[in-house]
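Student: Could you take me through one part of this protein in detail, please? I would like to see how its pieces fit together, and then where that part sits in the whole chain.

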Amino acid sequence: MTFQGRERIVSEAGEGPLAGILVVSVEQAVAAPFATSRLADAGARVIKVERPEGDFARLYDRHVAGECAWFVWLNRGKESVVLDIKNDADNALLHRIAARADVFVQNLAPGAAARAGFDSDALRARHPRLITCDISGYGESGPYAQMKAYDFLIQCESGIASVTGSPESASRVGVSVCDIGAGLNAYGAILEAVIARHRSGRGSGIRVSLFDGMADWMTVPLLHLEHAGQAPARTGLSHAMIAPYGAYPVGDGGQMVIAIQNEREWARFCEHILGDAALTTDPRFAGHPARLANRPEMDPLITTAFARHTMDSLAEALRESGIAFGRLNEVAGLSAHPQLRRARVETPAGPVDIVAPPARHEDCDRPLRPVPALGEQSEAIRGEFQA
């Protein structure tokens with residue numbers, strides 16, 4: 001890449017710790033777009049390669065003034081170029097972009113990128129400073145390597161659905177944790193690779209799978225099974241290993257979630273909330289294992305005490321007693337939550353207020369860059385990277 005080209009990228013990408021980094025991503029759906037959206041937030045220039053009909057995530061819904069909620073969330077700050085990589089001219093164009101890029105990301109169906117001529121090992125052999133990141137469902141080897149994989153399928157295969165839900169029924173986690181987890185893993189690994197390249201001058205290959213990410217998150221249930229003989233049971237809105245730690249009905253109709261982590265908290269809870277300090281030394285409730293075993297006797301005591309309160313009065317009593325608590329909110333509760341931070345992003349349909357990125361930076365303000373229309377930068381990118 002020429003110095004002139006690098007300056008052009010910096011000016012277009014704006015400020016941030018990754019300003020000057022060019023990312024090209026042949027991406028779709030959630031996992032890869034999540035990773036590259038965070039790179040874009042940090043100042044990288046991200047060129048999103050879309051098929052002629054567009055990333056299919058553009059069509060998941062039309063809820064945000066005609067735009068897709070998922071797409072708005074995951075594609076801010078990117079440039080969209082429409083390419084048909086089965087077409088020789090477009091394929092050659094993508095190779096020219098990759099030749100200048102710092103990072104190449106793809107999460108196509110198993111084998112699709114390699115069949116199109118974008119095998120990550122071959123790309124790095126040709127461009128030694130390139131960092132490649134392949135995101136897949138199950139990895140590149142093993143009996144599941146060629147299987148298509150979507151978030152819900154991985155939730156079931158990894159066992160996370162088996163520890164989620166009520167005692168009677170397993171459940172899908174209500175957001176796409178496998179995709180989001182893979183995106184976070186890819187983002188972190190790419191940042192590590194950028195730092196490593198700064199030291200060594202060489203790029204590296206990263207492979208992230210949805211299954212590996214969820215298997216990692218399932219380490220504690222797996223260790224319980226393999227070392228204690230039993231995986232944690234599904235307990236709905238209660239904790240499988242700590243008690244009391246769960247949701248209980250309150251007198252005015254809401255539900256309050258409490259978390260007792262140690263015996264000091266249990267003693268304060270008994271005295272100030274349950275109104276019976278003698279329960280502190282009751283052998284049925286002495287320690288988490290005893291309280292778990294005797295939860296059918298403990299829970300009615302809590303329910304009776306909470307029934308005397310409104311949500312507000314109970315919150316005040318718990319706060320004064322130093323007991324951790326939270327309200328069981330619906331999505332509407334999040335929308336009106338006093339702690340919720342929002343950020344504005346421009347979309348093809350106009351400005352939209354979304355949840356602000358979770359990391360807050362004291363040294364600078366990082367406004368979110370726009371969500372691109374399909375192929376919005378195609379003409380400019382074709383001109384910039386012409387043969």
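Tutor: Happy to! Let's look at the open sheet whose three strands come in the order β9-β10-β11, with antiparallel pairing. Do keep in mind that this is a predicted model. The two edges of the sheet are β9, covering residues 245–249, and β11, covering 324–327; each of these strands has a pairing partner on one side only. Going from one strand to the next, the twist averages 25 degrees.

Now follow β10, which spans residues 255–259. Its link to β11 consists of four bridges, and the two strands run antiparallel. If you would like a spot to zoom in on, try alanine 259, whose bridge partner in β11 is alanine 324.

Next, bring in the helix that packs here. Helix α13, made of residues 295–306, lies across β9 and β10. Relative to β9, α13 runs at about 50 degrees.

Stepping back to the whole chain, you will find 16 helices and 13 strands. The C-alpha atoms fill a box of roughly 80 × 45 × 40 Å along the principal axes. Of the contacts with a separation of 6 or more, 66% are between residues 24 or more positions apart. Among the 387 residues, 46% count as buried. As for the outside, the accessible surface is about 19,500 Å², and carbon and sulfur atoms contribute 54% of that. Finally, the chain carries 39 positive and 47 negative side chains, with the centres of these two sets 4 Å apart.

Notes:
Residues are numbered from 1 along each chain as its sequence is written. This is a predicted model: local features need pLDDT of at least 70, side-chain atom pairs count only at pLDDT 80 or more; totals for chains, interfaces and linings use all residues. Side-chain values use heavy atoms; hydrogens and water are left out. Buried means under 20% relative accessible area, exposed over 50%, partly exposed in between (1.4 Å probe, protein chains only). Contact means heavy atoms within 4.5 Å. Accessible areas come from the Shrake-Rupley method with a 1.4 Å probe; for residues, only the protein chains shown count as cover. Lys and Arg count as positive and Asp and Glu as negative; His and the chain ends are not counted. The place of a charge is taken as NZ of Lys, CZ of Arg, CG of Asp or CD of Glu. Two strands pair if DSSP finds at least two bridges between them. Axes are lines fitted to C-alpha atoms, for helices over the stretch in contact, and angles run from 0 to 180 degrees between N-to-C directions.
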